[in-house]
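Grab a coffee and open the viewer. Below are some short exercises, each with a solution worked step by step.

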Amino acid sequence: MQALIHGIILAFGLILPLGVQNVFIFNQGATHKKFIDAFPAIITAGICDTILIFLAVRGISVVVFNVEWLSTLLFLVGCLFLIYMGFVMWRSSPEATNTEEQHPFSKKRQVTFAASVSIFNPHAILDTVGVIGTSSLAYTGHEKLLFTVACIVVSWIWFFLLAILGSKIGKLGNSGMLLKRVNQISAMIIWGMAVYLAYNFYLFFD
């Protein structure tokens, strides 16, 4: 039971802060007219987190943090992708009023971006692989399984709650202007995270 409670509290503590992954899931809930249309993003993010948590518990963190070129590549790709994603979200308009504006993300694009913000996000990997992986070392056997399952379940529940919240807020706007502002705020947050990531990259390899 201690492992279960530990897993729940730890997972909530790591996933609650406003990260790129959270912003993207919330944004998809807000920009789609039907909540079910955001499922590809939710499910993809959930699967990616499940894989990362499983690998973390299995000890893959040792490989990631001990191979310098892999860590460098992870930071660089993550930073560049966040900059690109910010531009895409800034220009995205959920209710297009002219042919130059974009429509909500398609299912394929949701899957691609959700996977990218999960796999190419160094902070998410540091949280899952570094913190959860390290914490799991305190348990063995059945307790380790409970700890792992708790972290995974909390992750899935949180993604669904974020999308639901985004969907509720998205329905408040009738003209699409509110949703456009949500996209722009999301883009600015993501750009801020890209700058923060670049700064951490500089400190880490200085």
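## Exercise 1: Neighbours of Ile42

Task: find which residues Ile42 touches, leaving out those up to four places away in sequence.

Solution. Step one: select Ile42 and skip the residues up to four places away in sequence. Step two: list what is left, namely Ile25, Phe35, Phe159, Phe160 and Ala163. Keep in mind that this is a predicted model.

Step three: put Ile42 in its wider setting. The largest nonpolar core has 17 residues, and Ile42 is among the four that touch the most other members, together with Phe24, Ile25 and Phe159. Helix 2, helix 3, helix 6 and helix 8 (141-170) each put at least two residues into this core. Step four: look for a separate core. There is a second one, with 10 residues, including Ala3, Val57, Ile132 and Tyr139. As background, nonpolar side chains in soluble globular proteins tend to be buried together.

## Exercise 2: The whole chain

Task: work out how many helices and strands the chain has, and what percentage of its residues count as buried.

Solution. Start with the count: 9 helices and 0 strands. Reading along the sequence then gives α-α-α-α-α-α-α-α-α. Next comes burial: 47% of the 206 residues count as buried. Finally, check the contacts between residues at least 6 apart in sequence: 83% of them join residues at least 24 apart.

## Exercise 3: Helix 2 against helix 3

Task: decide whether helix 2 runs roughly parallel or antiparallel to helix 3, and say which residues meet.

Solution. First, get the geometry. Helix 2 (residues 20-31) and helix 3 (residues 39-58) pack at about 155°, and their axes are 9 Å apart. Second, apply the cut-off: angles over 145 degrees count as roughly antiparallel, so helix 2 is roughly antiparallel to helix 3. Third, take the handedness, which is left-handed for this crossing. Fourth, read off the contact: Gln21, Phe24, Ile25 and Gln28 from helix 2 meet Ala41, Ile42, Ala45 and Asp49 from helix 3. Sort those residues by type and you get 5 nonpolar, 2 polar and 1 charged.

## Exercise 4: Helix 2 against helix 6

Task: do the orientation analysis for helix 2 and helix 6.

Solution. Helix 6 covers residues 107-119, and its axis comes within 9 Å of the helix 2 axis, with a crossing angle of roughly 160°. That makes helix 2 roughly antiparallel to helix 6. The crossing is left-handed. On the helix 2 side, the contact uses Val20, Gln21, Phe24 and Gln28, while helix 6 brings Gln110, Phe113, Ala114, Val117 and Ser118. The tally for this contact is 5 nonpolar, 4 polar and no charged.

## Exercise 5: Helix 3 against helix 6

Task: complete the set by asking how helix 3 lies against helix 6.

Solution. The packing angle is about 30°, with the axes of helix 3 and helix 6 sitting 8 Å apart. Angles under 35 degrees count as roughly parallel, so helix 3 is roughly parallel to helix 6. The crossing of helix 3 and helix 6 is right-handed. Helix 3 makes the contact through Phe39, Pro40, Ala41, Thr44, Ala45, Cys48 and Leu52, and helix 6 answers with Lys107, Gln110, Val111, Ala114, Ala115, Ser118 and Ile119. By type, the residues come out as 10 nonpolar, 3 polar and 1 charged.

## Exercise 6: Three residues to check

Task: are Phe24, Ala56 and Trp158 buried or exposed?

Solution. The cut-off for buried is under 20% relative accessible area. Take the residues in turn.

- Phe24 lies in helix 2. Its relative accessibility is 0%, so Phe24 counts as buried. Its C-alpha is 7.3 Å from that of Ala114, although the two are 90 residues apart in sequence.
- Ala56 sits in helix 3. With 1% relative accessibility, Ala56 counts as buried. The C-alpha atoms of Ala56 and Ser136 are 8.4 Å apart, with their positions 80 residues apart along the chain.
- Trp158 belongs to helix 8. At a relative accessible area of 17%, Trp158 is buried. From C-alpha to C-alpha, Trp158 and Ala11 are 9.8 Å apart in space and 147 residues apart in sequence.

Technical notes:
Residues numbered from 1 in each chain as written. Predicted model: local features only at pLDDT ≥ 70, side-chain atom pairs only at ≥ 80, totals over all residues. Heavy atoms only, no water. Axes fitted to C-alpha atoms, helices over the stretch in contact; angles between N-to-C directions. Helix = DSSP H or I, 4+ residues; strand = E, 2+ residues; numbered from the N terminus. Parallel < 35°, antiparallel > 145°, perpendicular 65-115°, else oblique. Left-handed = near helix turned anticlockwise from the far one by under 90°. Contact = heavy atoms within 4.5 Å. Nonpolar A, V, L, I, M, F, W, Y, C, P; charged D, E, K, R; others polar. Core = buried A, V, L, I, M, F, W, Y, C linked by side-chain atoms within 4.5 Å. Buried < 20%, exposed > 50% of the residue type's maximum accessible area, 1.4 Å probe, protein only.
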